[in-house]
Structure formats: C-alpha cells, structure tokens
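Here are some exercises to work through with the model open beside you. Try each task before you read its solution.

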Amino acid sequence: MKEEKKEKFKSGFVSILGRTNVGKSSIINSLVGEKVAAIANKPQTTRTVIRAIVNRPNSQIIFIDTPGIHKPKSKLGNVMVENAFEVAKDVDIIIFVIEATSEEIGRGDKLILEKIKEEKRKTILVINKIDLVDKAKIAKLIDLYKNEYDFASIIPVSTLKNINLNVILDEIEKNLTEGPAYYNIEEYTDQTTRQIVEETIREKALKLLNDEVPHGIYVEVDKMKKRKTLENEPIFNIEATIYCLRDSHKGIIIGKNGSMLKKIGTYARQDLEKMLGIKINLKIWVKVREDWINNNKFIKNFKLQ
C-alpha cells in the first residue's frame, strides 16, 4: 500500500498595513481567536508593533500588527509611521487592508501602495467592512486596485459578520514557503504580561474618553506582583499610571468623583481576568507629563528595537 505523502510544514511573517481605523487589529484578533491588539473606534489605536501567532496543523503564521498610516503631527506620529513601513521590508507576505466604503484610492492608500511596489512583496488585498456596501461597489473597488498591483489574491471580508476570515488564513498558508515553527504552539502573542496590561488599560481609555484626550495618553505599569488571598486563591496585584498631556485632560480621565477612572479600571480588569485567567486587583493613577509626544526620551520606547 502506498504511503501517504506528508504535507510540508510552512511558516512565515505577515505584516498588516492599512490606514488608521480600517480594522487591522480586529482582523488580527479574529484570526488568532485571542485579544492581542487594542481595538477602539478611534484612529491610531495601535502604537507599537505587535506579533500575534496563528498555529494551524501544517503552518505557523506570525502576524505583525502595525500602527495605522496617517499624516504625523508629532514625533510620536512620525515614529509610528516609520515603524509600519520598516516592518514591511522584512516580512514574507503583506496584508493590505482597505475599507469597502472607499470611493477611490485615497492619499493614504496610494502611499501604502507605493511602499508595496517598492518592496515587491507578495501582497494580499483585504477589503474590510463589506457588510456596509453592495456587491457592485465591491466589484468596482476590486477592479480599481487590480489595475494598480498584481496582488496574490483579493479577499472581501467583514470582521463584524465573520465573513471570509478563514479565507485569509488559507491564502496566506498557500503563499508561504517551508519553514520551522518559530514559537511554541501554545503561544498566541510575543507581548509580555506587562505590555498586555498597558495596552488593555489604554484601549479602555480610548473607548471611553472624548476625542480630544485619548491620543495624548500612554500607560505604564509600575508594579506587578502575584500573591495568594486569605482563601489561598492566586491574585495579581497591578499598579499602573495613565500619563496625559495637560491638567484639563487629567480631570477628564479621572471624571467627577473618580467615576471615569473607575470605569476604565473596571473594564480593563474584567478583560485582563479573562485573558490572563487570574483574579486581578488593579489600581490606576493619572499624572500629567506635558508634551511627551515630542519628547525623545519617551518616544524612543516606541521605536523598533
């Protein structure tokens, strides 16, 4: 009897590029099945480069979520855009995410297309939010982009309705080459627990605060310690600080009688307990650090290492 030929194991790194707010982080979280990237309906939610790992029977796909491409208005903004384009130079495949609601190829998408053409990488075009438009509009958009670049494939998806997300994984696997598993198959991100805590608190702040405040904040974990409760249950004591640009912002983040800060802390704690599988005692403070988004001392923390 003829022995069945075993499929070769494939692996590779995949960068997700797109303008701010096109749904890159939502796509990553949906594909990984775990929450590894901050999601908020605000531009520039992702600041750092985050790796998320998808383990399949015959492949390991390492996604790299990058900051959204936007017109920088600070040193931090410049670093975010530099990081996104830098990552694209060293990956096996680029996923370029656009919105189905686009009428034409806008300035931001044109800039990304130029970078893709420069790098000559295998690129999969993902058209997100197809639940918001009709099929004729999607077809028109596909034709528009087909004329610009020879994409490995074009996939219309909806993260909201869970349409075609597995097709993305199948297409990536098809375009990968033979390679080892770079990470343990139990892992789904290379972020440390500290980074996960900081990103989760920041995400909740982004969702709850008004537009003026969120992007002038960053979060630092000051202390993390595991201990046992009196009932001998494990618990994580976490202390963190939200830094903002000015005193008026500090007042908004804290809220009347501490109501806003309490809400941020409660939502963050609930998410973290689910993600980390342990009871959490979370304390958050708010401090002002004026114009930190243009201060090189702090900006270096966001640069690619």
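What follows is a short note on conventions and then four exercises with worked solutions.

This is a predicted model, where local features need pLDDT of at least 70, side-chain atom pairs count only at pLDDT 80 or more, and totals for chains, interfaces and linings use all residues. Residues are numbered from 1 along each chain as its sequence is written, and side-chain values use heavy atoms, with hydrogens and water left out.

**Exercise 1: helix α4**

Task: Compare the end-to-end span of α4 (residues 135-146) with the expected one, then work out which of its residues are buried.

Solution:
- Start with the element itself: helices (H or I, at least four residues) and strands (E, at least two) are DSSP runs, numbered from the N terminus.
- The expected span is 1.5 Å times one less than the number of residues. For the 12 residues of α4 that gives 16 Å, and the end C-alpha atoms are 16 Å apart, so the two agree.
- Next, sort by accessibility: buried means under 20% relative accessible area, exposed over 50%, and partly exposed in between (1.4 Å probe, protein chains only). Ile138, Leu141, Ile142 and Tyr145 are the buried residues of α4.
- They sit on the same side of α4, because they cover an arc of only 105 degrees around the axis; the arc is taken from the directions from the helix axis to the C-beta atoms.
- Flip to the other side of α4 and you find Ala136 and Lys140 exposed.
- Finally, look at what the buried side packs against: β4 (93-99), α3, β5 and β6 (153-156), with contact meaning heavy atoms within 4.5 Å.

**Exercise 2: Lys117 and its partners**

Task: Which residues form salt bridges with Lys117?

Solution:
- A salt bridge puts a side-chain nitrogen of Lys or Arg within 4 Å of a carboxyl oxygen of Asp or Glu. The whole structure has 14 of them.
- One partner is Glu114, with the closest N and O atoms 3.8 Å apart. Both residues lie in helix α3, 3 residues apart, or about one turn of the helix.
- Another is Glu148, at 3.2 Å between the closest N and O atoms. Glu148 is in the loop between α4 and β6, so its pairing with Lys117 of α3 ties together parts 31 residues apart in sequence.
- Now check accessibility: Glu114 is partly exposed at 42%, as are Lys117 at 27% and Glu148 at 34%.

**Exercise 3: another helix pair**

Task: Are Arg202 and Glu199 buried or exposed, and how do their side chains meet?

Solution:
- Both residues are buried.
- Their side chains meet in a salt bridge, 3.4 Å from N to O.
- As for location, both lie in helix α6, 3 residues apart, about one turn of the helix.

**Exercise 4: the nonpolar cores**

Task: Which elements each supply at least two residues of the largest nonpolar core?

Solution:
- A nonpolar core is a set of buried Ala, Val, Leu, Ile, Met, Phe, Trp, Tyr and Cys residues joined through side-chain atoms within 4.5 Å.
- The largest one has 25 residues, and Ile201, Ile238 and Leu282 are among those with the most contacts inside it.
- The elements you want are α6 (193-208), β8 (218-228), β9 (234-244), α8 (259-276) and β10 (279-288). The largest share, 6 residues, comes from α8.
- Zoom in on Ile201: leaving out residues up to four places away in sequence, it touches Val219, Ala240, Ile242, Ile264, Ala268, Leu282 and Ile284.
- Then there's a second, separate core of 24 residues, which includes Ile105, Leu113, Ile138 and Tyr149.
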